[in-house]
Amino acid sequence: MKLSRRTRGAVALAGAASIALLATACSTGGDQGSDGEDITLTITTFGTQGLDGLYEQFEADHPGITIKATNIDTGGNALTDWQTKQAAGAGLPDVQAVEEGWLSKVMQVSDSFTDLRDYGADDTSAEWVDWKVKQATDADGRIIGYGTDIGPEGLCYNGALLEAAGLPSDREGVAELFGGEDATWEQFFEVGKQYHAATGKAFYDQSGFVWNSMVNQLPEGYYTADGELNVDGNAELEERWALLAQGAADGLSSNQTQWDWGGGKAFTDGSFATFVCPGWMLGVVKGQVEAGGGDATTGWDFADVFPGGAANWGGAFLTVPTTSKHPKEAAELAAFLTSAQSQVASFQAAGAFPSNLEAQADSGVTGESELTAFFNDAPIGEILGSRAEGVVAQYKGPDDSVIQEQVFGPSIQELDSGKADGPTAWQHALDLLDELVEQ
């Protein structure tokens with residue numbers, strides 16, 4: 001089971017509006033390398049970050065510089081790729097995308113990344129939400145990454161399916177159905193039981209993403225804020241696990257394969273009616289629906305509500321490893337790709353909600369786009385801005401992604417498949433924790 005941030009096979013969604021933005025995206029000036037020679041800059045990203053359409057613009061603004069881009073399917077696989085090359089001391093790109101979930105692992109070797117303050121990061125840090133900059137600042141005050149997106153969560157739902165079950169299908173009604181500003185996970189599962197009783201069908205795609213969202217919105221997740229492991233004996237986690245286990249026992253999970261969903265068919269055939277959606281996931285949903293033969297008429301929508309309140313899932317950073325032979329130009333590329341105009345283009349391409357404050361307020365984010373048209377004209381940018389209020393960055397420990405994927409992953413599969421009840425699956429997770437994570 002993989003809970004990493006992106007999915008393979010998602011389709012880039014940039015349209016004419018994004019191309020127009022590229023033409024006005026900021027240029028840092030200069031040409032070729034710092035020594036005047038033609039150079040190639042390498043960049044490694046993952047999933048659907050919405051950056052691909054920006055490379056040509058940077059090349060046009062920097063004659064003599066060619067970008068060679070590598071995109072890895074998921075954040076988990078990108079972590080493996082980075083760890084392998086980091087350990088070998090060779091093969092790292094000039095610009096490395098780092099996922100929030102494994103940033104603390106990167107911070108353990110932060111001195112192997114360029115301090116971007118040497119290239120102006122101090123002068124521009126106020127352009128991003130403050131907690132994003134703090135996340136990328138190491139214990140010595142070095143800024144090692146420019147923030148790309150953040151992942152405030154709203155609720156994707158299929159209005160046609162809810163309506164057929166006798167439940168509200170308009171965005172305001174759906175938000176109220178789940179409790180509005182006072183939405184709780186208890187209410188989410190209660191509505192799921194109502195839906196299941198009316199239709200006999202599952203309510204959400206699988207329990208893994210729901211669990212990930214539950215954990216991410218806690219003040220402290222798998223680790224305490226001071227870096228101590230925080231799983232065994234964590235009453236808040238156990239309470240949410242019990243809710244999740246009961247939901248699976250009640251038939252609310254469709255037990256879909258993450259990042260596959262039957263090639264997208266599960267998004268079009270009524271297999272489930274709700275889906276937890278950080279901003280970047282909207283592009284995934286659109287791509288999956290289209291892969292499954294659907295379109296905007298399939299009925300997916302996006303509501304300004306989330307069980308348990310504000311939650312953030314994901315977000316990334318662009319870093320420059322010290323092995324780069326062209327750190328100045330690499331830093332310029334990272335700065336360009338995270339500038340306000342570039343983040344607007346990334347949002348329109350993939351739904352990646354900007355961490356850049358100017359971009360958050362831009363009409364290219366708050367206005368209409370291909371994504372808004374697909375999601376029943378939902379004001380996606382405004383909703384994500386609303387969902388971002390109250391988000392506090394949760395500390396992610398060095399083995400956070402291991403716990404997420406390899407410790408709880410198998411136990412969640414046990415819940416969804418009916419092979420274990422909640423207490424048994426929880427104990428199995430603790431056993432794996434002892435086996436896989438240094439205490």
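**Exercises on aromatic pairs, salt bridges and burial**

The count comes to 38 aromatic pairs (Phe, Tyr or six-membered Trp ring centres within 6.5 Å; planes under 30 degrees apart stacked, over 60 edge-to-face, the rest tilted). The model is predicted, with pLDDT of at least 70 needed for local features and 80 or more for side-chain atom pairs, while totals for chains, interfaces and linings use all residues. Residues are numbered from 1 along each chain as its sequence is written, and side-chain values use heavy atoms, without hydrogens and water.

**Exercise 1.** Classify the ring pair of Y223 and Y395, and state which parts of the chain the pair ties together.

*Solution.* Start with the geometry: the ring centres of Y223 and Y395 are 6.4 Å apart and the planes stand at 85°, so this pair is edge-to-face. Next, place the two residues: Y223 belongs to the loop between α10 (207-216) and α11 (235-249), whereas Y395 belongs to the loop between α18 and α19 (400-417), so the contact ties together parts that are 172 residues apart in sequence (helices are DSSP runs of H or I, at least four residues, strands of E, at least two, numbered from the N terminus). Finally, consider the surroundings: Y223 is buried, at a relative accessible area of 4%, while Y395 is partly exposed, at 34% (buried is under 20%, exposed over 50%, partly exposed in between; 1.4 Å probe, protein chains only).

**Exercise 2.** Classify the pair formed by the rings of F374 and F375, and decide whether each residue is buried or exposed.

*Solution.* The ring centres of F374 and F375 lie 5.0 Å apart with the planes at 80°, so this pair, too, is edge-to-face. F374 counts as buried at 4% relative accessibility, and F375 is buried at 0%. One aromatic cluster can be added to the picture, formed by F209, W259, W261, F267, F272, F275, W280, W300 and W313.

**Exercise 3.** Of the 8 salt bridges in the structure, examine those of E290 with K286, K328 with E332 and R387 with D304.

*Solution.* Take first the bridge within helix α12 (residues 279-291), where E290 and K286 are 4 residues apart, which means a separation of about one helical turn. Their side chains meet at 2.7 Å, N to O (the limit being 4 Å from a Lys or Arg side-chain nitrogen to an Asp or Glu carboxyl oxygen); E290 is partly exposed at 33%, and K286 is buried at 7%.

In helix α13 (residues 327-337), K328 and E332 are likewise 4 residues apart, or about one helical turn, and their N to O distance is 2.7 Å. Here K328 is partly exposed at 39%, whereas E332 is buried at 16%.

Turn then to R387 and D304, whose closest N and O atoms are 3.1 Å apart. R387 sits in helix α18 and D304 in the loop between β6 (300-303) and β7 (312-319), so this salt bridge ties together parts that are 83 residues apart in sequence. R387 is buried at 12%, and D304 is partly exposed at 31%.

**Exercise 4.** Which residues of helix α18 (residues 380-388) are buried, and where does a positive phi occur just after this helix?

*Solution.* The buried residues of α18 are I380, G381, I383, L384, R387 and A388. Because they cover an arc of only 160° around the axis, they fall on the same side of α18 (the arc follows directions from the helix axis to the C-beta atoms). Just after α18, G390 takes a positive phi of about 90°.
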